[in-house]
Each structure stands twice: as C-alpha cells, then as structure tokens.
Amino acid sequence: GRIEIDPCIPSTLKEYTVHRVLRDASFDITIKNPNGKQSGVSKIVLDGKTIEDTTVPATPGHHVVEVIM
C-alpha cells in the first residue's frame, strides 16, 4: 500500500504533525506551510531523502515524513 500526501489546509496554518498507521507501517508526518498555501506540495522528504512522488510507500517500520507546501 501507499499513503497519498495532498494537504488542503487554511492559509493561516503554518505547521502541524499527524501520526498515521497503515498495516505494519507507521508515519509521523509534519506539514510545513511557510508561504501560506492552501494546497499543493513543493517537496516531500521521507526518512531524510527527497522523493519525487506525492505517495509514500507503506513499507514496514516507522517513518518520518516532512512535507513542504
């Protein structure tokens, strides 16, 4: 499985963190919105590595995801 990262938030919300579990994978996802966007992703960093997709693979284990809008 995969988790799609596609936040849609108020422009005044600058940062928040969520925890998600999918099967044997857990994710701590931090959304950073420095430019006050309401949607769209500029960059996703999965476990310290930038990925080119807006979906994150649900491989077993704990993962840290940083999303820059």
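This passage walks through a few residues and strand pairings of the structure shown above.

The model is predicted, so to speak plainly, local features need pLDDT of at least 70 and side-chain atom pairs count only at pLDDT 80 or more, while totals for chains, interfaces and linings use all residues. Residues are numbered from 1 along each chain as its sequence is written, and side-chain values use heavy atoms, with hydrogens and water left out.

A good place to start is Asn33, which sits in the loop between β3 (25-32) and β4 (43-46). Strands here are DSSP runs of E with at least two residues, numbered from the N terminus. Asn33 is buried, with a relative accessible area of 1%; buried means under 20% relative accessible area, using a 1.4 Å probe and protein chains only. From this position, the side chain of Asn33 reaches the backbone oxygen of Leu13 at 3.0 Å. With neighbours within four places in sequence set aside, Asn33 is in contact (heavy atoms within 4.5 Å) with Ile9, Pro10, Ser11, Leu13, Lys14 and Met69.

A second loop residue, Ile5, is found between β1 (2-4) and β2 (15-22). Ile5 is buried, and its relative accessible area is 5%. Along the chain, Ile5 and Asn33 are 28 residues apart, and their C-alpha atoms are separated by 14 Å. Apart from neighbours within four places in sequence, the contacts of Ile5 are Ile29, Val41, Ile44, Thr54, Val56 and Val67.

Two of these contacts, Ile44 and Val67, lead on to the strands. Ile44 has Val67 as its bridge partner in β7. Strand β7 covers residues 61-68 and runs antiparallel to β4, with four bridges joining them; two strands pair if DSSP finds at least two bridges between them. β4 also pairs with strand β5 (residues 49-51), again in the antiparallel sense, over three bridges. In this pairing, Leu46 stands opposite Lys49 in β5. The hairpin of β4 and β5 has two residues between the strands, and Asp47 takes a positive phi near 50 degrees there.

Finally, strand β3 contains Ser26. The relative accessible area of Ser26 is 16%, and Ser26 is buried. Not counting residues up to four places away in sequence, Ser26 touches His19, Arg20, Val21, Gly61, His62 and His63.

Methods
Buried < 20%, exposed > 50% of the residue type's maximum accessible area, 1.4 Å probe, protein only. Polar contact = N/O pair within 3.5 Å; in protein donor to acceptor, adjacent residues only side chain to side chain.
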